[in-house]
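Trainee: Before I accept the descriptive terms applied to a model, I should like to see each one justified. May we go through them together?

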Amino acid sequence: MSGGSGGGSSAPGRFADYFVICGLDTETGLEPDELSALCQYIQASKTRDGASRFISSATEGENFEQTPLRRTFKSKVLARYPENVEWNPFDQDAVGMLCMPKGLAFKTQADSREPQFHSFIITREDGSRTFGFSLTFFEEVTSKQICSAMQTLYHMHNAEYDILHTPPTNDKDSCSSTGDCNGTSVSKLQRFNSYDISRDTLYVSKCICLITPMSFMKACKKVLEQLHQAVTSPQPPPLPLESYIYNILYEVPLPPAGRSLKFSGVYGPIICQRPSTSELPLFDFPVKEVFELLGVENVVQLFTCALLEFQILLYSQHYQRLMTVAETITALMFPFQWQHVYVPILPASLLHFLDAPVPYLMGLHSNGLDDRSKLELPQELEVREETSSKKDLKIQCDEEEFKIYQLNIQIREVFANRFTQMFADYEVFVIQPSQDKESWFTNREQMQNFDKASFLSDQPEPYLPFLSRFLETQMFASFIDNKIMCHDEDDKDPVLRVFDSRVDKIRLLNVRTPTLRTSMYQKCTTIDEAEKSIELRLAKIDHTAVHPHLLDMKIGQGKYELGFFPKLQSDVLSTGPASNKWTKRNAPAQWRRKDRQKQHTEHLRLDNDQREKYIQEARNLGSTIRQPKLSNLSPSVIAQTNWKFVEGLLKECRNKTKRMLVEKMGREAVELGHGEVNITGVEENTLIASLCDLLERIWSHGLQVKQDRSCTAFVLEDRASVYSASTQIWAFQSTRRPTLHKGKSALWSHLLHYLENRQRKTTSGSFSTSGILLDSERRKSDTSPAMSPLRISLIQDMRHIQNISEIKTDVGKARAWVRLSMEKKLLSRHLKQLLSDHELTKKLYKRYAFLRCDDEKEQFLYHLLSFNAVDYFCFTNVFTTILIPYHILIVPSKKLGGSMFTANPWICISGELGETGVLQIPRNILEMTFECQNLGKLTTVQIGHDNSGLYAKWLVEYVMVRNEITGHTYKFPCGRWLGKGMDDGSLERILVGELLTSHTEVDERQCRTPPLQQSPSMIRRFVTISPNNKPKLNTGQIQEAIGEAVNGIVKHFHKPEKERGSLTLLLCGESGLVSALEQVFQHGFKSPRLFKNVFIWDFLEKAQTYYETLEQNEMVPEENWQTRARNFCRFITAINNTPRNIGKDGKFQMLVCLGARDHLLHHWIALLADCPITAQMYEDIALIKDHTLVNSLIRVLQTLQEFNITLEASLVKGIDI
């Protein structure tokens, strides 16, 4: 980052390390820069046609398309003061290239010669940085040899140019006269800015530069500009330039953290200020300029690319713009730091760096051919109105500079706040190494340092696409590595220390007023405080440096010559003062004394609001003691405060459970008066993460302090702390910041102790099976042959979590266990069982602990019991990559010879997250368990066989599939034959499933609501063995069924996405759209001949044949009708050509689903109602022949047109249309 420390640790704290002069060395003359010239030649040849016109002399460092004034010549470091400093060795090559990245530039009096300022960075091998600030201006060339050399180069260029551009013809008419040809040459020379030694004045670029350990860009720019002004002003400066340069090198100190400094330039004072160790790092570039240049959207896009470590190349005609954009992007990354190649200004001779196969952030100077002077700037970033409360403060810098300071800190605080909110709990997911630091560092590449799966499980869903990629970057890995290596505050990286302090404030605030993680923007509350700090430093300067003074120079030294930067006297600038009266005021004692004074005033003045806030909180919590010593607190006061704290935890639990239920029940809860509309919409993930935080606080309250930190016993600081008037933390709580040791969890530790106790009792034989309950009441809704019941076991659920390799930390395991228990509706029951071991609870917790307050504990468990009223999928939907065992039960018809089945069956299970693929089922095996990646909520089962053997006919009643971890059981009704010549001849069927509701014990008084997949208003009908045996409905009932089916789909799309159930169930379920349309086409269907079933698909195929014949005979009534008929025939043909053996009813289902997806159903109904085939196959009373009813049906189906229906892959597998 830009504001970081620069020079070595042994630096004495000087403002600047070197003053450097770069330019033309008249002794060596003009030296072409071969590498730069070659790069320019290649770049130019790519942008022009006919590259063959260029001669091979470019390999010699010359490009004859460029005039000598525009060619690249080497610049040299002409002088530097001092010669070298031990803490920052001078890198002559780097400074020379970066001061003048394109080498020397020559101009004449006709060209613009405005001075140009730019900054740069030199990164050393150890990663530390030095900052450079350069001002480039033009001086007249006084060397006759240089002017003659430039004239000679022009003569050579003109001759070479004429040879290259002479037309390849001997036609005498090609040039009317010699004079004309000469006139053309003259015009060309004028166009190429020719140089004539007799009439033109030649100027060459020169550069003065400061090399500093810290990036005080504004101050350095003023120093250099005033030095340049001194040599261009008609009046000489008050003192020789050596006095000012000596002053900036040796007598101006670096301001300490949190302090401001004023020192003297040639013509006026210069002020710089440095943030304190608790503020964002030093950054002195104008962020506003970046937003003006790129616009807000482009800045955010560029910032995202940088965070994800893309290769980034910036391109501009201005060196300083490159530096400003690069430094701004990296500064906004706080607390993360760019870890890859970082070259904001890439010298022309290093252009080959762009081929590096690694992430980089580089800046490339444009060749100046593109005119960007009329660049339209995006709309200016909107900034808030100035709200400074210190209007009477007199700022020591100009108003424009102060506004830049303000806007910089506002934008940086907003970005920093976003990262602070996003990573507020990152510490608990850090995986601390078990070995010593040296061993860990050696094996770093093979070590996991962050529990990514658990961290992502707590994040709002909109964050996940970005975070899942960001957690894999090198900058995040380095950030976590720094955290692991810094065990105490003294070892911490300064950036990490600032970030952790901000995280602590947020976590402490969340303890006092618990809030929810959300993807909504959370207002930054630190801007005012940061602005106030800057304002105070600029209003009252902490230190004024020594003024420049006359040096001990010989007579005649320091001679002034207008327009020329003088040759400085090295004897007075090469070394600084050892000790004299000018440096006595810089004694460290003065800074320390000012530090103490400022800390005292800050405590008394700046923190009044916070102190009042703490005092009020303490009063509200019943605190009456304000003594600063803990020993003065009486037991009664401690007990009273603890009682208030326990009550606060219980109240928070009650509010949180109500909030989660209201959010889960959505609008229905609001309509029933259980909440307000504006509190809904918070994401389920963040609500559950907030509940996990609450459980951790409850389990950490009153925890016994263990001296031996074993794998399951550790110290946990209370996250909730009650403050007195002097922000004193009470005796029964920790005085350290609220975090967990080594990613530990109090809840998981308690669970591990419980598991250890049970295992010990089992080994000793004193443990009965009463702790493991059979789920005998879980599936009462199914009285047919069913699976063996799933055991309800707290310990088994713990082992499921322990077997998930993606979860690395105890905190992550505790949260996953909470999610699993909520999804199984067992959270209250499991925690009740955990706390039933009273001996363990007494051993782990002090008497005043929340978990040992019986009444509050019972109320707490009762509040958690209310979660059983709704269905959560908070485990299934979060841990999407884990392996889950699934248990399958296939129930065939016992009455119709299912045991005689000889074919080889297969099954394919689909869910919202994926499908299993085809699983071969061993013959005569109807129950099996398999393991695959999490499928999410199950939606469909495809079941079939290969039609082999003597009796390849199979009548399947239903299929049941159970998730062995969550216990969710899905039933997929079938009731149809699979076999050639049976039913509709299908060898495979697509079954749509529903989650079976669970009946739990009456004594727990649990509520029951329908699951998300089904609507309470739907009519549930039994599927019989033959489709022709379905109950015959009258037209009114059929219309009602169609209306309910369509209404169910409309309601589905009007719900928030998180509340939507299964669209497949609404389309293909027992009361879905397919079933309703089936009733439409079966109504009035003429009775088939004896022993032969006629299916709807037979009617549709005949209609297809009719329309195809009609089109061939060119008997088309109208264009719209023709389009509908073609679409209808195309879909029927595509479905018939599918390789799947899904039978006639399966084909009808596929046609309805595709018609609903493409909004064609109402067109097809109208088409079929007018088809002559309908008259042949339907009786006069049929619904399809009643135009009034058909028009009503069409209007109902037209309501589906506004919805984008996406079909599950299993419904349309094998068809591409």
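The discussion below takes up helix packing, burial and backbone geometry in turn.

Mentor: Please keep in mind that this is a predicted model. The protein chain has 37 helices and 24 strands, and 53% of its 1217 residues are buried. The chain exposes about 57500 Å², of which carbon and sulfur atoms supply 51%.

Trainee: Why are helix 24 and helix 25 called oblique to each other?

Mentor: The axes of helix 24 (residues 794-802) and helix 25 (residues 810-823) cross at roughly 125° and come within 10 Å. Roughly perpendicular covers 65 to 115 degrees, and roughly antiparallel needs an angle over 145. An angle of roughly 125° fits neither class, so the two helices are oblique to each other. Their crossing is right-handed.

Trainee: Which residues of helix 24 and helix 25 make the contact?

Mentor: Helix 24 contributes Leu794, Asp797, Met798, His800 and Ile801, while helix 25 contributes Lys813, Ala816, Trp817 and Leu820. By class, this contact of helix 24 with helix 25 has six nonpolar, one polar and two charged residues.

Trainee: What makes helix 26 roughly antiparallel to helix 28?

Mentor: Helix 26 and helix 28 (residues 854-865) pack at an angle of about 155°, and their axes are 8 Å apart. The cut-off for roughly antiparallel is an angle over 145 degrees, so helix 26 is roughly antiparallel to helix 28. On the helix 26 side, the contact is made by Leu827, Ser828, Leu831, Lys832 and Leu835. On the helix 28 side, Lys857, Phe860, Leu861, Leu864 and Leu865 take part. The residues of this contact between helix 26 and helix 28 divide into seven nonpolar, one polar and two charged.

Trainee: How do you know whether lysine 825 is buried or exposed?

Mentor: Lysine 825 has a relative accessible area of 14%. Buried means under 20%, so lysine 825 is buried. Lysine 825 is found in the loop between helix 25 and helix 26 (827-835). Its phi is near 60°, a positive value in a residue other than glycine.

Trainee: Why does asparagine 924 count as exposed?

Mentor: The relative accessibility of asparagine 924 is 61%. Exposed requires over 50%, and asparagine 924 therefore counts as exposed. Asparagine 924 also has a positive phi, of about 70°, although it is not a glycine. Its place is the loop between strand 18 (919-920) and strand 19 (927-933).

Trainee: What makes glycine 914 partly exposed?

Mentor: For glycine 914 the relative accessible area is 27%. Buried would need a value under 20%, and exposed one over 50%, so glycine 914 is partly exposed. Glycine 914 lies in strand 17 (residues 914-915). Leaving aside neighbours within four places in sequence, glycine 914 is in contact with Ile909 and Leu935. The C-alpha atoms of glycine 914 and leucine 935 are separated by 5.2 Å, although these residues are 21 apart along the chain.

Trainee: Where are proline 82 and proline 335 found, and what is the geometry of the peptide bonds that lead to them?

Mentor: The bond from tyrosine 81 to proline 82 is cis, with omega near -10°. Proline 82 is in the loop between strand 2 (76-81) and helix 2 (92-99). Phenylalanine 334 and proline 335 are likewise joined by a cis peptide bond, with omega about 10°. Proline 335 sits in the loop between helix 9 (319-331) and strand 10 (341-343).

Definitions and conventions:
Residues are numbered from 1 along each chain as its sequence is written. This is a predicted model: local features need pLDDT of at least 70, side-chain atom pairs count only at pLDDT 80 or more; totals for chains, interfaces and linings use all residues. Side-chain values use heavy atoms; hydrogens and water are left out. Axes are lines fitted to C-alpha atoms, for helices over the stretch in contact, and angles run from 0 to 180 degrees between N-to-C directions. Helices (H or I, at least four residues) and strands (E, at least two) are DSSP runs, numbered from the N terminus. Angles under 35 degrees count as roughly parallel, over 145 as roughly antiparallel, 65 to 115 as roughly perpendicular and the rest as oblique. A crossing is left-handed if the near helix is turned anticlockwise from the far one by less than a right angle, and right-handed if clockwise. Contact means heavy atoms within 4.5 Å. Ala, Val, Leu, Ile, Met, Phe, Trp, Tyr, Cys and Pro count as nonpolar, Asp, Glu, Lys and Arg as charged, and the others, Gly among them, as polar. Buried means under 20% relative accessible area, exposed over 50%, partly exposed in between (1.4 Å probe, protein chains only). Accessible areas come from the Shrake-Rupley method with a 1.4 Å probe; for residues, only the protein chains shown count as cover.
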